[in-house]
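These exercises ask you to read a protein model step by step, with the sequence and the 3D view side by side. Try each task yourself before you turn to the worked solution.

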Amino acid sequence: MKTRILTFTLSIFLCVAARAELKWEQSTIDLHPSVSDKTAVAHFKYQNTGTTPVHFKSVKASCGCTTTQTQKEMVNPGEKGEIVATFTIGDRTGQQIKTVTVQTDDPNPAQATSILTLKATIPQSLDIKPAFVYWQSGEELKPKKISIKATKDFPAKNITVKSNSQNFESKVEPGSASGEWTIEVTPKDTSHPFGTALLVQTDYPKEAPKSFYVNLQVTNPPGAPPALKPNAPNAPAVKAATPPAIPKASPSAGVER
Amino acid sequence: MLACLPAIGEGIYFRDKISWQSSIPASELVTVDRARAWGDGAIWVDARPDEEFARDHVPGAFSLNEDHWNELLPQFLPNWSPEKKVVVYCSAESCNAARDVAKRLRDEAQLKNVFVLQGGWEEWLKKSR
């Protein structure tokens, strides 16, 4: 009987003593990439403060835009390390919140799963409203206005506007404050659907000025078939058969919306 | 008061472990059945990464993700018209890409009638079996 009590007490003691515990230095990291950065990288540092090794079972990012790297599969007691999460900015703007879910073999379910959060604030360069203007087929040839404002992170002083299409007229007027402009666009014809994009070129940053697009469209009349044939299931990534003419930015320039 | 204590304790303990995904208002969500019933009145937008779209997608869907937003948006817009409803989807209920793309279509392109597909591609596949 004494042996049983001793074994029971010992097993309880061992269960309590032999624990794995991954402690994160920070489970949320704020990143502030610059206008020209392509990626934002978060280093989630950890330490095994337990007495037994911890094994990573899985490390999964919440979106395809984030990749993760673990330095090791197993973390010994007392050992430190980090999980590196690399977020590809792409054409994203504003605050982006991405998570990384880490599963370990910790027997305590509350400790086995950790959710790491990467908050990236991507500086907005130009505030373009709206970034798409359209006229319906047959609509009156009235001008439409697009307002452009440079944000505090993007001190552009001048813009130029280019279009490959002869079907629209555009003119740029400076706004009431520095870094503000209005583009007025008028279609020359709305009798048939067509589209183009205006290329808005800025003078910032000096070494690689950024460019932006504003989309213009004369839409199909209601009930008309789509401009493109729908893709068949399993079809390759056919994105458009008749994309609108887009003026090219200069090779050194970055392009953004 | 006593009954609240475990909940408060859990809230503090799990403060760093909760997901940041904000919910989408019900009025901006659409079920697979309802979106399908719209027929030609709907235009489907795949917000997943290029590789996933290339692997498979809703028939007739257009690829529009934030990795290549500037390139893909001008290719999608010629197929849009004001009377159409836009149905945006990503991989599953848990992904955020559809919500983000739908928001940009509303805010930047100022499109109306933009919906997020409930359950995403996963749910569409389930209903198509």
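**Exercise 1. The domains of chain A**

How far apart do the C-alpha centres of domain 1 of chain A and domain 2 of chain A lie?

*Solution.* Keep in mind from the start that this is a predicted model. Begin with the division of the chain: domain 1 of chain A covers 20-122, and domain 2 covers 126-224 + 241-256. The C-alpha centres of domain 1 of chain A and domain 2 of chain A then turn out to lie 39 Å apart.

**Exercise 2. An open sheet and its edges**

Find the strand order of the open sheet of five strands in chain A, and identify its edge strands.

*Solution.* The order of this open sheet in chain A is 2-9-8-4-6, and the pairing is mixed. The edges are strand 2 (28-31) and strand 6 (74-75) of chain A, since each of them pairs on one side only. Now follow strand 2 of chain A to its partner: strand 2 runs parallel to strand 9 (residues 113-122) of chain A, and four bridges join the two. As an example of such a bridge, Asp30(A) has Lys119(A) as its partner in strand 9 of chain A.

**Exercise 3. The two faces of a strand**

Which side chains of strand 3 (residues 39-48) of chain A are buried, and which strands pair with strand 3?

*Solution.* First recall the general rule that side chains in a regular strand alternate between the two faces of the sheet. In strand 3 of chain A, Ala40(A), Ala42(A), Phe44(A), Tyr46(A) and Asn48(A) point to one face and are buried, whereas Thr39(A), Val41(A), His43(A), Lys45(A) and Gln47(A) point to the other face and are not buried.

Next, look at the partners. Strand 1 (residues 22-24) of chain A pairs with strand 3 of chain A in the antiparallel sense over three bridges, and here Leu22(A) stands opposite Asn48(A). Strand 7 (residues 80-88) of chain A also runs antiparallel to strand 3 of chain A, joined to it by nine bridges, and His43(A) stands opposite Val84(A) there.

**Exercise 4. A residue short of buried**

Is Val161(A) buried or partly exposed?

*Solution.* Locate Val161(A) in strand 13 (residues 159-162) of chain A. A residue is buried if 20 or more other C-beta atoms lie within 10 Å of its own; Val161(A) has 19 within that distance, and is therefore partly exposed. Leaving out residues up to four places away in sequence, Val161(A) touches Ser170(A), Val172(A), Ile183(A), Leu198(A) and Val200(A).

**Exercise 5. Chain B and the largest nonpolar core**

Describe the pattern of chain B, and then explain where the largest nonpolar core lies with respect to the domains of chain A.

*Solution.* Chain B has six helices and five strands, which follow the pattern α-β-α-β-α-β-α-β-α-β-α along the sequence. Of its 129 residues, 43% are buried. In helix 5 (residues 97-107) of chain B the buried residues include Ala98(B) and Val101(B), and the buried residues of this helix pack against strand 2 (42-46), strand 4 (85-89), strand 5 (114-117) and helix 6 (120-128) of chain B.

Turn now to the core of 78 residues, where the members touching the most others are Val214(A), Val45(B), Val87(B), Val88(B), Tyr89(B), Ala98(B) and Leu117(B). Both domain 1 and domain 2 of chain A give residues to this core, so the core lies between them. Finally, Val45(B) has contacts beyond four places in sequence, among them Phe62(B), Val87(B) and Val101(B).

Note on methods
Residues are numbered from 1 along each chain as its sequence is written. Chains are lettered from A and ligands numbered from 1 in the order in which they are written. This is a predicted model: local features need pLDDT of at least 70, side-chain atom pairs count only at pLDDT 80 or more; totals for chains, interfaces and linings use all residues. A residue is buried if 20 or more other C-beta atoms lie within 10 Å of its own, exposed if 12 or fewer, and partly exposed in between; C-beta atoms are placed from the backbone. Two residues are in contact if their C-beta atoms, placed from the backbone, lie within 7 Å. Two strands pair if DSSP finds at least two bridges between them. Domain bounds come from an automatic or database domain assignment. A nonpolar core is a set of buried Ala, Val, Leu, Ile, Met, Phe, Trp, Tyr and Cys residues joined through C-beta atoms within 7 Å.
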